[in-house]
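Reader: Please take a close look at the surroundings of the ligand, and then follow the chain from there to whatever else can be said with care.

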Amino acid sequence: MNKSSMAQGDEGEERWHHGINPSFQEADFFIFGKLINNMQKKRVLSGIRATGRLHLGNYLGAVKGMLALQNDPDYETYYMVADLHSINTPYEPKELAKQTREVILDYLAAGIDPQKSTIFIQSQISEHVELSYLFSTVISVARTFHLPTYKEKVKLQPENVNMALLYYPILMAADILIYKANAVPVGDDQLPHLEIAREVTRKMNSKYGLDFPEPEQFKTKGHKIPSLLGEGKMSKSVEGSYINLTDDLKTIKEKLAKVPTDEGKGDKVPTRGGVATLLSLVDLFEGEKRKEEYEKAYLNSGIHYKDLKEKLAEVIHEELVPIQKKRSFFEKDMNKVDRILVEGAEKARKTAKTTLAEVRKAMGIA
Ligand code: TYM
């Protein structure tokens, strides 16, 4: 149902509240309208690996998009912690559950709301894994070998090239398609994986007559946050490249102080390196106008990086303070967090089971 017809539903509700009985047909229309509304909502799925606390790249590239869609009545949102995607590289088994909780806490602190979104842990919905096996029958080994993320991991850790690494995008396709998600709020680094999910959709639909939607990236303004080191992207696996959502002002100042810069002026504003990173963070946290002022200064009188970094650290910190306060509130009530996860898993499982049953039937599996 579109927004204008939803407004009609709200009007009906309004009249009930004011004690004016709508006619039978109107009430009927209202209930029917709500039902259709839920059926026609677009679905959203996103996830973050359980590798500890979130950084600004995760927040700006994924969580901000997750929040925008959660607060849009046209969407039904499912948000998980991808713990199974965290065990294909060396990890500490004793720490995994804690790391998973850290991501959940960051979700809740950033404003992911269990009243609006289904929040759950990937491994608790075992249907994802079963569906991924069924999907693996339509994707060739060669296709997964050629993914940039796989090649990167092979280069970085040649001693740890396991099957799960190759399976990564297939499991991710199952994560998304088991909820028949149309929109996936993720940063640009996940685009090659999303492409696999789109291929799975096309193949499963044409081969087995299924009705999976082709999922699309929901892109935020911060879809590609550069590293503080001035090279590559902000990443948990590169020390010194990131600011965590839990960092205090002193830490943020220290991290920004280390961003490499130049003499502060020249005839062309840098589009790469530390200066470009700083300008892109200014754009995201202080606005485009402020960024343009710095760019003008670069071409004329020059930028004082010390002042720029101090101001930027303060503005970033200001945005993080309410998130940090909310986090400490949830940290004190882990029972509540556990209840949220139990409810989330129940709801997610119900949808996941329905899709899995459809696929099994279509593939002729009894
Ligand atoms: P992960 O845990 O590496 O990253 C989580 C999210 O943060 C985004 N991100 C960034 N965005 C912009 N700039 C950056 N520098 C930056 N760094 C990280 C990522 O794009 C991602 O959106 N495979 C996924 C987890 C996953 C998933 C899924 C995501 C598993 N199943 C299904 C969506 C749907 C991953 O490793 O994300």
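Author: In this predicted model, strand 1 provides five residues of the shell around the ligand, the largest share of that shell. Strand 1 spans residues 42–49, and along with helix 3 (56–70) and helix 8 (163–177) it belongs to the elements that each supply at least two residues of the shell. In total, 27 residues surround the ligand, and the closest of them are Arg49, Gly57, Gly61, Val186 and Gly187. Sorted by class, the shell is made up of 12 polar, 10 nonpolar and five charged residues.

A second place to examine is threonine 100, which is found in helix 4, the helix covering residues 93–110. Threonine 100 counts as buried because 24 other C-beta atoms lie within 10 Å, where 20 or more are required for that label. When its neighbours within four places in sequence are left aside, threonine 100 is in contact with Ala50, Val81, Asp83 and Ile121. For one of these partners, alanine 50, the C-alpha atom is separated from that of threonine 100 by 4.7 Å, although the two residues are 50 residues apart along the chain.

The chain as a whole gives the setting for both places. The chain has 366 residues, of which 35% count as buried, and it contains 14 helices and five strands. Among the contacts in the chain with a separation of 6 or more, 77% are between residues 24 or more positions apart, and the contact between threonine 100 and Ala50 joins residues that are 50 residues apart along the chain.

Terms used. Residues are numbered from 1 along each chain as its sequence is written. This is a predicted model: local features need pLDDT of at least 70, side-chain atom pairs count only at pLDDT 80 or more; totals for chains, interfaces and linings use all residues. A residue is near a molecule or strand if its C-beta atom, placed from the backbone, lies within 6 Å of it. Helices (H or I, at least four residues) and strands (E, at least two) are DSSP runs, numbered from the N terminus. Ala, Val, Leu, Ile, Met, Phe, Trp, Tyr, Cys and Pro count as nonpolar, Asp, Glu, Lys and Arg as charged, and the others, Gly among them, as polar. A residue is buried if 20 or more other C-beta atoms lie within 10 Å of its own, exposed if 12 or fewer, and partly exposed in between; C-beta atoms are placed from the backbone. Two residues are in contact if their C-beta atoms, placed from the backbone, lie within 7 Å.
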